[in-house]
Amino acid sequence: MLKLYGNIRSRAMRCLWMLEEVGQPYELVEKSVRADDLQQAEYLALNPNARIPTLADGDYVLWESMAINLYLAQKYEGPMRAGAEVLGLAAQWSFWAMLETESLLFDLLLHRALLPEFTRDASHAERAELLLVKPLRVLDEALARQPHLAGETFTVADLNVAGILAWGKMAKLDLTPYSKVKEWLDGCLARPAYARVRSRAGRT
Ligand SMILES: N[C@@H](CCC(=O)N[C@@H](CS)C(=O)NCC(=O)O)C(=O)O
């Protein structure tokens with residue numbers, strides 16, 4: 001059975017969402033982000049970065065959340081199975097989201113929500129929001145041309161980017177100027193597979 005190492009409150013969320021969309025049986029092996037949990041010889045043999053998530057599909061092991069999802073989209077039959085064109089666009093948007101938005105969104109999340117209030121710095125959040133204008137415009141323009149990132153239907157391209165942009169929602173990023181992004185993100189996050197993973201969080 002597929003095994004995903006991680007936890008719901010981490011970047012493993014993106015892969016849990018994908019696994020739910022793919023519909024293959026899988027097991028979540030709970031791993032926190034604590035060093036004592038990650039710096040174990042057995043886990044380091046799977047992921048030498050000592051980070052989560054990691055996927056094990058039998059003896060085949062992968063780390064990096066975006067790569068795990070692109071693999072699952074190629075490997076398994078079903079609604080998320082993607083051909084070369086979709087995979088190309090999914091890789092493009094996944095690299096783009098990681099490089100152009102992820103660290104800015106993380107900064108925003110830290111300084112708006114995650115850090116204890118007395119250590120938050122509003123100027124960090126403002127800077128991140130300003131630097132996000134350009135990529136959010138790019139995304140908004142793409143979604144004005146077609147409803148999803150690789151065409152008419154929801155694919156791993158949407159899942160990978162929405163999995164990152166979800167941090168913006170948690171950080172109360174104002175998406176009003178990017179109406180297409182807002183509509184698309186709300187639609188992605190309303191998917192039953194996403195809700196199933198979130199309800200699992202409520203149980204843990
Ligand atoms: N680029 C990696 C990042 C993985 C990552 O940084 N995961 C965090 C949890 S969200 C982690 O394991 N942190 C523990 C640490 O850095 O010590 C991915 O997308 O999978």
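The dialogue below goes through how the terms applied to this predicted model are justified by their values.

Reader: What kind of model is this, and how are its residues numbered?

Author: This is a predicted model, in which local features need pLDDT of at least 70 and side-chain atom pairs count only at pLDDT 80 or more, while totals for chains, interfaces and linings use all residues. Residues are numbered from 1 along each chain as its sequence is written, and side-chain values use heavy atoms, with hydrogens and water left out.

Reader: How many helices and strands does the chain have, and in what order do they run?

Author: The chain has ten helices and four strands, where helices (H or I, at least four residues) and strands (E, at least two) are DSSP runs numbered from the N terminus. From that terminus on, the order is β-α-β-α-α-β-β-α-α-α-α-α-α-α.

Reader: Why is the chain called as compact as a globular protein of its length?

Author: The radius of gyration is taken over C-alpha atoms, and the globule rule is 2.2 Å times the number of residues to the power 0.38. For 204 residues that rule gives 17 Å, and the radius of gyration of the chain is 17 Å, close to the rule, so the chain is as compact as a globular protein of that length. Along its principal axes the C-alpha trace spans about 45 × 45 × 30 Å. Of the contacts in the chain with a separation of 6 or more, 63% are between residues 24 or more positions apart, contact meaning heavy atoms within 4.5 Å.

Reader: What makes R14 and E21 of helix α1 buried or exposed?

Author: Buried means under 20% relative accessible area, exposed over 50%, and partly exposed in between, with a 1.4 Å probe and protein chains only. R14 has a relative accessibility of 2% and therefore counts as buried, and E21, with a relative accessible area of 11%, is buried too. R14 is found in helix α1, as E21 is, and eleven of the eleven residues of this helix are buried. Over the chain, buried residues make up 50% of the 204 residues.

Reader: Which residues are in contact with R14 and E21, leaving aside neighbours within four places in sequence?

Author: R14 is in contact with S65, M66, N69, M98, E102, L159, G163, I164 and W167, and E21 with P79, M80, F154, L159, R191 and A193. The C-alpha atoms of R14 and V161 are separated by 9.4 Å, although these residues are 147 apart along the chain. Just after α1, G23 takes a positive phi of about 85 degrees.

Reader: How do you know that C15 is in no disulfide?

Author: A disulfide is a pair of cysteine sulfur atoms within 2.5 Å. The structure holds zero disulfides, and for C15 the nearest cysteine sulfur, that of C188, is 16 Å away. The sulfur of C188 in turn has its closest cysteine sulfur in C15, at 16 Å, which is too far for a bond. C15 is buried, with a relative accessible area of 0%, and C188 is buried at 2%.

Reader: What makes the largest pocket a pocket, and what lines it?

Author: On a 1 Å grid over the protein atoms alone, a cavity is a set of points where a 1.4 Å probe fits but cannot get out, whereas a pocket is an open set with protein on both sides within 12 Å along at least five of seven lines; lining residues have an atom within 4 Å of a point. The largest pocket holds about 870 Å³ of space, a volume being the space filled by probe spheres set on the points, which are joined across faces, edges and corners. Its lining has 31 residues, of which I8, R9, S10, R11 and W167 lie nearest the centre. The elements giving two or more residues to the lining are α1 (12-22), α5 (84-114), α8 (156-170) and α10 (192-203), and α5 gives the most, with five residues.

Reader: Why is A50 called buried and K172 exposed?

Author: A50, at 13% relative accessibility, counts as buried, whereas K172, at 68%, counts as exposed. A50 is found in the loop between α3 and β3, and K172 in the loop between α8 and α9 (179-189). Phi of A50 is near 55 degrees, a positive value in a residue other than glycine, and K172 also has a positive phi, of about 55 degrees.
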